[in-house]
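Thanks for coming. I will talk about cysteines, and then about one valine. Please have a look at the structure before I start.

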Amino acid sequence: MTRHVKVLILGSGPAGYTAAIYAARANLHPLVIAGDVPGGQLTTTTDVENWPGTVPAVLGGVLMEEFDRHARTFGAEVVQDVIVSVDFGRRPFVLTGEFGAVYRADTVILCTGATARSIGLPSEAAFRGRGVSGCATCDGFFYKDQECCVIGGGNTAVEEALFLSNIASRVHLVHRRDRFRAEPALLDRLHARVAEGRVALHLSREMDEVLGDDRGVTAVRLRRADGPPETLPVSGVFVAIGHDPNTALFVPALAHRDGYLQTGLADPAYPMMTNVPGVFAAGDVQDSLYRQAVTSAGSGCMAALDARRFLELTAAAVAAE
């Protein structure tokens with residue numbers, strides 16, 4: 001099967017669906033390739049309390065169902081497929097699905113997101129969304145006046161611990177080494193919170209197991225080289241050992257920094273365009289800083305508007321010739 005579309009969107013998270021809504025409203029008839037995790041990371045989240053207009057909280061999966069319905073209402077088509085190869089060296093661009101379908105596209109919007117790194121424990125996966133999280137900004141509010149822990153030793157982990165220290169009764173920061181890799185300014189703030197009793201440090205320790213019951217996480221078991229295991233009673237576990245943007249398919253064809261796609265390169269008039277004219281990126285695949293559903297949706301909107309303008313100007317240039 002071969003399809004030719006004006007706008008092809010890879011990814012079905014907030015960025016992808018928002019791009020689809022805006023492209024569909026512009027009569028560009030976008031095609032969304034849902035990918036191997038339809039709905040993106042929000043489908044693994046329970047209550048979403050920071051999406052504007054959703055009071056009380058909405059389940060992440062339910063919110064993404066609404067995104068899907070909204071996009072389809074305006075005429076976007078959603079296909080359950082996974083792209084396994086791309087060719088951005090010719091026009092129209094050519095992308096191939098895992099079952100052999102070939103998609104030709106005048107423009108492509110990449111919204112493949114990023115994946116939070118995990119330690120790899122079966123219990124960590126079992127309690128994901130029920131006490132185990134990869135985003136304190138997203139889920140920290142659920143642990144107000146409770147004890148929780150952060151796993152990691154870099155900037156992200158220290159920032160998560162500092163953020164949670166304003167919400168939780170106490171934050172336990174667990175790091176496998178004897179010193180942190182975070183920036184000195186962050187460490188100064190961290191030690192100030194330690195002095196206040198808001199943060200407790202657990203160095204040279206690794207999380208060995210997440211413990212819990214039907215209601216969620218109740219504790220973590222820590223392994224250390226110089227003594228017996230420790231059990232730390234906590235209600236929430238935040239794994240902050242980094243994210244991996246889902247860009248392996250696009251590198252080295254597209255410019256990137258630390259794996260994240262760079263935008264605004266081919267033409268400053270198109271902030272969401274990569275170094276290849278006609279290829280755009282939005283959401284966590286190009287955002288290493290904010291990584292929020294609302295910022296992803298906003299960048300998806302921008303990418304769709306950029307793609308529409310690019311198509312219009314390209315068509316006008318061809319007509320002028």
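**Cysteines and one valine**

The count of disulfides here comes to 1. Keep in mind that this is a predicted model. For anyone new to the term, a disulfide is a covalent bond between the sulfur atoms of two cysteines.

Which cysteines form the disulfide? They are C135 and C138, with their sulfur atoms 2.3 Å apart. That counts as a disulfide because the cut-off is a pair of cysteine sulfur atoms within 2.5 Å. The link of C135 and C138 is right-handed, with 70° about the S-S bond. As for the surroundings, C135 is buried at a relative accessible area of 16%, while C138 is partly exposed at 28%.

Now two cysteines that did not make the list. Why does C111 have no bond to the closest cysteine sulfur? That sulfur belongs to C301 and lies 12 Å from the sulfur of C111, so it is too far for a bond. C111 is buried, with 7% relative accessibility.

C148 is a similar story. The closest cysteine sulfur is in C149, but 7.1 Å separates it from the sulfur of C148, which is too far for a bond. C148 is buried as well, with a relative accessibility of 0%.

Last, the valine. V94 sits in strand β7, which covers residues 93-97. Is V94 buried or exposed? It is buried, with a relative accessible area of 7%. Setting aside neighbours within four places in sequence, V94 is in contact with S85, V86 and D87, and also with V102, Y103 and R104. G300 is 206 residues from V94 along the chain, and their C-alpha atoms are 21 Å apart.

That is what I have for today.

Conventions: Residues numbered from 1 in each chain as written. Predicted model: local features only at pLDDT ≥ 70, side-chain atom pairs only at ≥ 80, totals over all residues. Heavy atoms only, no water. Helix = DSSP H or I, 4+ residues; strand = E, 2+ residues; numbered from the N terminus. Buried < 20%, exposed > 50% of the residue type's maximum accessible area, 1.4 Å probe, protein only. Contact = heavy atoms within 4.5 Å.
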